[in-house]
Amino acid sequence: MQSTASHQLEIYNSLSGKKESFTPISKEYVGMYVCGPTVYSKVHLGNLRTFTSFDVIYRYLCHIGYKVRYVRNITDVGHLENDQDQGEDRISKKARIENLEPMEVVQKYTYDFHGNTRKFNLLPPSIEPTATGHIIEQIKLIEKLLNNDLAYEVNGSVYFDVVKYNKSNDYGILSKRKIEDLIHNTRSLDGQSDKKNPQDFALWKKAEPKHIMKWESPWSNGFPGWHLECTAMSNKYLGEKFDIHGGGMDLKFPHHECEIAQSNACFGTNAANYWMHANMLTLNGQKMSKSTGNNILPEEIFSSGSPLLSKTFSGSSVKFFMLQAHYRSVLDLSNDALVASEKGFNKVIDAINILESFKNFSKETNFDIDKWSKTCYEAMNDDFNTPILIANIFEAVKFINKVTIGKAELSEKGSEELLRYINSFVFDIMGLEKSDQSIKRNNKLDKVMNIILELRNDARINKDYITSDKIRDLLKENGISINDNNKDSSYNFD
Ligand SMILES: [Zn+2]
């Protein structure tokens with residue numbers, strides 16, 4: 001294990017509701033399962049925030065010396081519209097609407113998802129299993145649940161008996177819900193359900209004749225319930241008990257609660273020692289929603305643009321914005337916040353560029369690199385606190401900028417050390433990249449562009465639109481766009 005700070009890694013465990021020291025089951029190895037996307041539509045920016053959070057967690061665990069097996073599944077069947085067992089399979093529905101084979105829908109949106117994870121420079125998981133590739137394992141689990149008398153079959157469908165399970169276990173252990181409240185709050189659909197109790201959930205559903213995605217099973221031609229696939233796949237690749245189980249906050253209930261119930265009923269464990277949840281991303285203070293138009297797709301941020309944004313942003317700028325909030329806090333996205341984050345990110349990259357080419361060394365370094373790096377590690381060891389890490393990195397940026405104007409001293413050894421640490425934190429742990437934008441952009445060009453923008457603004461104030469338009473058009477011909485949406489004009493490379 002690499003020595004990284006004076007205190008060790010602590011993780012907030014949703015199961016206990018507090019931060020706990022992280023001790024893996026086997027000394028050097030970590031098993032981590034994260035619930036992946038349901039590939040029936042383009043990936044949400046909120047989902048990308050979740051996967052970004054777990055990418056940083058994965059990167060940091062590897063950085064401090066663990067051998068991590070990171071499993072993130074693809075849900076390519078069985079996710080019904082109404083959470084558990086009502087409505088149509090979303091993938092089948094999309095296939096019908098788009099007139100595609102269900103597997104074409106799955107492939108199309110898996111490509112879309114992978115394309116966006118690459119834009120965000122997320123490391124691929126060690127294993128990325130699909131639900132459809134693990135039907136046999138899911139059937140075996142159902143058989144086990146039936147044998148253990150915690151599931152029952154009705155008309156070719158099989159349900160998990162939540163009430164019976166709760167007699168000797170705690171259904172609600174993760175979400176802190178009480179089963180009595182759940183019974184009270186669940187509407188019973190008389191005559192429409194085969195379930196004994198409204199809060200029971202489907203393990204296997206008999207398919208209607210028109211249903212496209214179906215498999216043979218001992219009970220019927222049908223398809224598995226959504227919660228079962230994660231229990232089957234995490235068990236297959238990580239064992240009955242593993243270290244970390246993660247996902248978005250919205251999965252805590254019912255999905256993760258049901259996973260815990262299934263795992264307890266099959267193996268007598270809560271599946272993972274640490275349950276971690278990444279919080280939501282809102283847009284302009286409100287929940288993102290396609291129907292209200294308060295929604296931005298990743299591709300709109302990166303390339304095509306959106307009426308809600310003044311310009312496009314690189315994956316790393318957006319990622320930097322996300323990491324400026326703790327993964328357990330709600331994060332609000334807005335144009336102003338993205339513009340400010342991009343500026344901050346460019347400052348960090350500029351400082352790295354300065355450090356890489358710096359030659360004007362002094363004998364001493366008047367910045368305590370040792371103490372500073374420890375503070376950075378302490379931030380990460382405190383439940384992966386990236387906002388504190390970034391605040392620390394800005395302290396180093398401030399120092400580097402002081403060095404360039406001769407107000408601080410940096411030795412050759414100090415410069416190498418500082419660069420090594422900053423590179424580790426920025427590129428290896430946070431997985432940010434020097435984007436095309438930041439490579440093209442440098443201090444001098446920025447200054448020249450600010451002069452040009454100022455001259456153009458003067459022309460506009462004097463109503464000399466011929467000159468101001470000429471400047472804009474000539475820059476455009478050379479691949480530089482001017483944005484006049486803000487108070488101050490800004491520019492970006494096409
Ligand atoms: Zn899952």
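Biologist: Which residues touch the most other members of the largest nonpolar core?

Modeller: In soluble globular proteins, nonpolar side chains tend to be buried together. In this structure the largest nonpolar core (buried Ala, Val, Leu, Ile, Met, Phe, Trp, Tyr and Cys residues joined through C-beta atoms within 7 Å) has 114 residues, and L145, F160, L203 and I393 touch the most other members. The model is predicted: local features need pLDDT of at least 70, side-chain atom pairs count only at pLDDT 80 or more, and totals for chains, interfaces and linings use all residues. Residues are numbered from 1 along each chain as its sequence is written.

Biologist: Which helix gives the most to this core, and where does the core lie?

Modeller: Helix α1, residues 45-63, gives the most, with nine residues; helices (H or I, at least four residues) and strands (E, at least two) are DSSP runs numbered from the N terminus. Domain 1 (10-278) and domain 2 (282-440) both contribute residues, so the core lies between them. The chain also has domain 3 (443-493), with the bounds coming from an automatic or database domain assignment. The C-alpha centres of domain 2 and domain 3 are 26 Å apart.

Biologist: What does L145 touch?

Modeller: Leaving out residues up to four places away in sequence, L145 touches L150, A151, F160, L203, A265 and C266. A contact means C-beta atoms, placed from the backbone, within 7 Å.

Biologist: At what angle do helix α7 and helix α8 pack?

Modeller: Two packed helices are described by the angle between their axes and the distance between the axes. Helix α7 (residues 226-238) and helix α8 (residues 252-267) pack at about 55°, with axes 9 Å apart. Axes are lines fitted to C-alpha atoms over the stretch in contact, and angles run from 0 to 180 degrees between N-to-C directions. The two helices are therefore oblique to each other; angles under 35 degrees count as roughly parallel, over 145 as roughly antiparallel, 65 to 115 as roughly perpendicular and the rest as oblique. W226, H227, L228, C230 and T231 of α7 meet H255, C258, E259, Q262 and S263 of α8.

Biologist: Is K93 buried or partly exposed?

Modeller: K93 has 17 C-beta neighbours inside 10 Å and so counts as partly exposed. Buried takes 20 or more other C-beta atoms within 10 Å, exposed 12 or fewer, and partly exposed is in between, with C-beta atoms placed from the backbone. K93 sits in helix α2 (residues 90-98).

Biologist: How many residues of the protein chain count as buried?

Modeller: Of its 494 residues, 41% count as buried.

Conventions: Contact = placed C-beta atoms within 7 Å.
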